[in-house]
Amino acid sequence: MLSREDDELLTRVEESAPMGAYLREYWTPAVRSARLVADGAPVRVRLFGEDFVAFRATDGRVGFLDEMCPHRRVSLALARNEDCALRCIYHGWKIDVSGSVVEVPSEPPERTDFAEKIRVRHFPTHEAGGIVWVYLGARDQAPPFPRFPFSEVPADHVRPLVAETRCNWLQAVEGTLDSSHVSILHKSWLGAGRGELGQAAYDSAPRYEFDHQDYGIRFAAIRHTDSATSHVRVTEFVMPWTAYIPTGDEDRIAIIGTPVDDVTSRQWFIRWNDDHPLTEDTDTHFWYDELTTAPDDFSALVRGKEMWGQDRKLMAEGHFTGITNLILEDVAIQESQGPIVDRSQEKLGSSDIAVIRTRRLLLDAVRAHGKTGEVFGQAPEAGRPGTAGAAFSISASDDWRPALSAQARYV
Ligand SMILES: [Fe+2]
């Protein structure tokens, strides 16, 4: 349970809300790189309750600007994208990637200084992992880009997908930290033939252990499979919104829950392989394939459907949730909590320790940022825990930490 004040502090991100100011200090994933084509259509991007437009100029550079033309506030998502700039279709004002207004055909030519006085807010971008990231923070200089493991592999080793969920960003993040739900919500996907992921079927009340790290928290959810063996799922939470979750196969996944506004989140599912290009093995990636049909917002697959498309007939036949995709099960439960879940009404138990710890870490971080301007864990290495999560079995009497260290590969 959380006080209403703390719940507000954690969840609100728009305008001058402290959490919004804090989160803006991190590089934020904004749009899939593939969506931005040189001289192609500009893309609207809403973040922290503000509206932006992203485009790729003729020379390949990315522009990230306030959405509205400074002249009469027409959307620049409607603009022509040509000759290394956006040209507003209303009066032809031309704005380049640096936010300079370089032509104003609606003014007489003798007014040469008119355009020079006008600036459009523009923001630094960085492309990595198939994503355009943006820095929206208050500092003059963007922080160094983190060494995410998925941003250091070749382009065909990584693929991001996006879901825009109708709920606050923290609900999205909390869903990624909750290991015990894997045994219940996702139980129809577990069991024999699902490798390490299937092991989660054996025990729905895992014991949690955690270690604070300079990048966030490392959680181990420990399940008994039989009296002699424990199954361990380690999740790495990297501040302020990234979870590396063990997949049970050799591909890795990072899930990033970012705020579109107070009541909408944009979740990034970044799948990558360190060693070879991603393959489309439908058996292994049973949870993934359907989502690629809507890569820029796969929650659209259930949006507007009665009860998120839950199929009661399927449930009667034995499917636990009646929702036919593992990730869409997560989307449904997160949206069903409402736009901003009232955390003062919760009844938390021992399975919620990862959620509780992460809230505490975020509350401490947002308060510290408000007092001193300090941003937790913001060094290039801080995006890079030694593993991207791991799932493995150990003898029930052993500690999981040495077994995890043996899997560390990001140094
Ligand atoms: Fe889940």
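## The Rieske stretch

An unreviewed UniProt entry lists residues 29-134 as "domain: Rieske"; positions follow the numbering used here, the feature name is shortened, and such annotations may be inferred rather than shown by experiment. Over residues 29-134 the chain is 0% helix and 39% strand, with the end C-alpha atoms 6 Å apart. Helices (H or I, at least four residues) and strands (E, at least two) are DSSP runs, numbered from the N terminus.

This is a predicted model, where local features need pLDDT of at least 70, side-chain atom pairs count only at pLDDT 80 or more, and totals for chains, interfaces and linings use all residues. Residues are numbered from 1 along each chain as its sequence is written, and side-chain values use heavy atoms, leaving out hydrogens and water.

## The iron site

What holds the iron ion? His181 (NE2), His186 (NE2) and Asp330, which appears twice through OD, coordinate the iron ion at 2.0 to 2.6 Å. Donors here are N, O and S atoms within 2.8 Å of the metal (3.2 Å for Na, K and Ca), and sites may look incomplete because water is not among the atoms.

The donor residues follow the spacing H-x4-H-x143-D. Histidine 181 sits in helix α4 (residues 180-184) and aspartate 330 in helix α7 (residues 326-336), so this pair links distant parts of the chain, 149 residues apart. Both histidine 181 and aspartate 330 are buried, meaning under 20% relative accessible area (exposed is over 50%, partly exposed in between; 1.4 Å probe, protein chains only).

## Asparagine 325

Asparagine 325 lies in the loop between α6 (312-316) and α7. Asparagine 325 counts as buried because its relative accessibility is 2%. Leaving aside residues up to four places away in sequence, asparagine 325 touches Trp189, Trp287, Glu290 and Leu291, a contact being heavy atoms within 4.5 Å.
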